[in-house]
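Work through the exercises below with the structure in view. Each task is followed by a solution in steps.

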Amino acid sequence: MTQEDLFKNIIAHAKEYGFIFPSSDIYDGLGAVYDYGQNGVELKNNIKKYWWDSLVRMYDNITGLDSAVFMHPKVWEASGHVSAFNDPLIDNKDSKKRYRADVLLEDYIAKLEEKINKEVVKGKKRFAEAFDEEQFRATNPNVLREKEKIDSVRGKMVKALNDNDLEGLRQLIVDCGIACPVSGTKNWTEVRKFNLMFSTKLGSTEDGASQIYLRPETAQGIFVNFLNVQKSGRMKIPFGIAQIGKAFRNEIVARQFIFRMREFEQMEMQFFVKPGEEMKWYQYWKDMRLRWHLSLGLGENMYRYHDHDKLAHYANAACDIEFQFPFGFKELEGIHSRTDFDLSRHEEYSGRKLRYFDPETNESYIPYVVETSIGLDRTFLSVLSASYREETLEDGETRVVLRIPPVLAPVKLAVFPLIKKDGLPEVAHEILKALRLEHHCLYDEKDSIGKRYRRMDAIGTPYCITVDHQTLEDKTVTLRDRDTMLQDRVAIDSLSGILDKKLNSKYWLEKLV
Ligand code: ATP
C-alpha cells in the first residue's frame, strides 16, 4: 500500500470510529476545520493532560494560565503579527491553485533529499557489508551534486525570505523548474504577501466597534500576563508559564487533514530566564521535549530535530521537532529562544514596565524567553498515524488496530458479559461500576465476543475484560491485551491493581524525571 493510500485509510477510519469529522459535515464541510468526535475528544483530552502534567505538575517552577482568545489589538502590533505574520503566496494561472512559495521550494528540496536517499540505498546494496554511509555521502558524485543543489536553493530561499524579496522567490521557483502538481504547468503569478490573522469586530455598533483579531498563537496571552503571574505566584526566575488553547490562522494552503488547520489548538510553555542563560535553557528544553515525545513509545526513528536556517524576527535560536507523518517528516513542535523581544515590545507599546526584580542581586531586568510550542492537533495526528495498523492474523482474518499508548487511549478498558443471560451482565455491571471510578470504561454486550474485540481494537482500547460462566464459580475473568491479543485469567479482586500498573500515567511520567 502506498503512503497516500494509507493516509486515506487513516482519515476514513478516524471518521468511521468517531475520532474526527469534517466541520459542518452535512453542509459538505468547511475548509481545514474539523470536529472531534466521541473518541477524538477523549484522546485529545488525554494528550493535553499528559503534556500539562509533565510540566505544570512535575516542575515547582512551572505554572498554568488560561488567557482569552480576544486580546487588545495593540498586542498584535507589538508582537509584530500585524506587519510580519505573512506568508508569500503564489497562484498557478492554469489550475487556479494557490501555494505558499516557500512550501513549493521546501517540497522541491525534499525531492532532492529523496534522490540522495535512493543513492544511499543503491550504495548499500552494492557494497553490502563494506558499506560506509558517512564516507559514501561525503564522496559519491551523484550525492554531492544533489547536495550542492539543495544548499544553493536553500541559501537563495532563506536570503529572499529574509530580504522580503518576493520577485527573488518567484525567480527561484522558475529557475528550479517547479511545476504545479495539479496542472503540471509553470505558469505562475507574482508572489504576494498574505496576512494570516482573522479579524473581527468587538462591540455592537459599526461606529463604536473596534477591529480585533482571533489570536494566531497562545504565547502572547502569556507575555501580557507575565508580571501578573510572577507577582501573584511569587515566582522566581527561571520559571515557566504553560497554556493550552485555541489559535486561528487563515492558512493559504490548508491540506493534509488536521496537520494544517484554520482553527487549532496549541500547547505552549514560555520559560523566563536571566539574559545570557537562554542558550543553556534552550538546549535543556530541546532535550526535554524530545524525551517527552519518546516517552510515548511511538518509536525513536519517528522523530528528528530540524534547526532553523531562517530565524523568525524574534528569535536567536530555533529548532523544530519533526515527526514522520504518512506524508513525510514535518514539524510537530517548535522550540524557540525568543530573546526579550516580546516583553520589550509590550513595554514599549503599553507604556508599562515588564521587568523582573531579582531580590538576590537587587537588579531589575527584562527576562529572556525560551518557548516550547506544540500543536495539539498535530500531536493527535502523530499518535493516530503511528498507531494505525492493518494486520493479518494467524487464522487469516484481518483486523485494524490502533496501538495507541495506553496512557492516551480514549477508552482504557471494555467490560463484556460472554452472553446476555445467566446473570453474566449483572456481574459485568458490578465490575464496571468499580473500575469506572478509576478509568474511562465501556460496556458492550452486542454481537459475538470476537466482533466486540475488533470494535475495541479499532478504537485502541488496551484491555478487555470478559465475564463468563467460570466467573460465577471462582470470581475470575479473562483480561485480554489489545496488542498481543493474549488472554489471562485473573481474579476480579486483583483487576484494579493490575490495571493501575498498566494505565496509570505515573508510569509514563516517571520516565521524564
Ligand atoms: P508551519 O511552518 O507548519 O506553518 P509554524 O512554524 O508556523 O508551522 P509555529 O508558529 O511555530 O508553527 O506554531 C507552533 C506549533 O503549532 C507548530 O509546531 C504546530 O504543531 C502547530 N501549528 C501551527 N500552525 C498550525 C496549523 N495551521 N494547524 C495545526 N497546527 C498548527
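**Exercise 1. Find how many salt bridges cross the interface of domain 1 and domain 3 in this predicted model.**

Step 1. Locate the parts: domain 1 covers 1-73 + 196-394, and domain 3 covers 411-512. The chain also has a domain 2, at 86-193.

Step 2. Apply the cut-off: a side-chain nitrogen of Lys or Arg must lie within 4 Å of a carboxyl oxygen of Asp or Glu.

Step 3. Count the pairs across the interface of domain 1 and domain 3: the result is zero salt bridges. The overall count by this rule is 36.

**Exercise 2. Describe the contact of domain 1 with domain 3 by its residues and its buried area.**

Step 1. Take the C-alpha centres of domain 1 and domain 3: they are 35 Å apart.

Step 2. Count the residues in the contact: domain 1 supplies 16 and domain 3 supplies 11.

Step 3. Find the area buried between domain 1 and domain 3: about 1300 Å², with 64% of it from carbon and sulfur atoms.

Step 4. Look at the domain 1 side: Tyr-50, Ser-295 and Leu-393 lose the most area to domain 3, and together they make up 31% of what that side buries.

**Exercise 3. Place the salt bridge between Asp-53 and Arg-57 in the structure.**

Step 1. Recall the principle: side chains of opposite charge can pair when their charged atoms come close.

Step 2. Check the distance: from N to O, the side chains of Asp-53 and Arg-57 are 3.0 Å apart. This falls within the 4 Å cut-off.

Step 3. Find the element: both Asp-53 and Arg-57 belong to helix α2 (residues 38-57). They are four residues apart, about one turn of the helix.

**Exercise 4. Describe how α5 packs with α8, then do the task again for α14 and α17.**

Step 1. Choose the quantities: two packed helices are described by the angle between their axes and the distance between the axes.

Step 2. For α5 (residues 101-127) and α8 (residues 166-175), the axes come within 10 Å and cross at roughly 35°. The crossing is left-handed.

Step 3. List the contact residues: Ala-101, Leu-104 and Leu-105 from α5, with Leu-169, Leu-172 and Ile-173 from α8. By class, six are nonpolar, with no polar and no charged residues.

Step 4. For α14 (residues 424-435) and α17 (residues 492-503), the axes come within 11 Å and cross at roughly 35°. This crossing is right-handed.

Step 5. Here α14 contributes Val-427, Ile-431 and Leu-435, while α17 contributes Ile-492, Leu-495, Ser-496 and Leu-499. The classes are six nonpolar, one polar and no charged residues.

How values were computed:
Residues are numbered from 1 along each chain as its sequence is written. This is a predicted model: local features need pLDDT of at least 70, side-chain atom pairs count only at pLDDT 80 or more; totals for chains, interfaces and linings use all residues. Side-chain values use heavy atoms; hydrogens and water are left out. Axes are lines fitted to C-alpha atoms, for helices over the stretch in contact, and angles run from 0 to 180 degrees between N-to-C directions. Helices (H or I, at least four residues) and strands (E, at least two) are DSSP runs, numbered from the N terminus. A crossing is left-handed if the near helix is turned anticlockwise from the far one by less than a right angle, and right-handed if clockwise. Contact means heavy atoms within 4.5 Å. Ala, Val, Leu, Ile, Met, Phe, Trp, Tyr, Cys and Pro count as nonpolar, Asp, Glu, Lys and Arg as charged, and the others, Gly among them, as polar. Domain bounds come from an automatic or database domain assignment. Buried area is the accessible area (1.4 Å probe) that two parts lose on being put together, summed over both.
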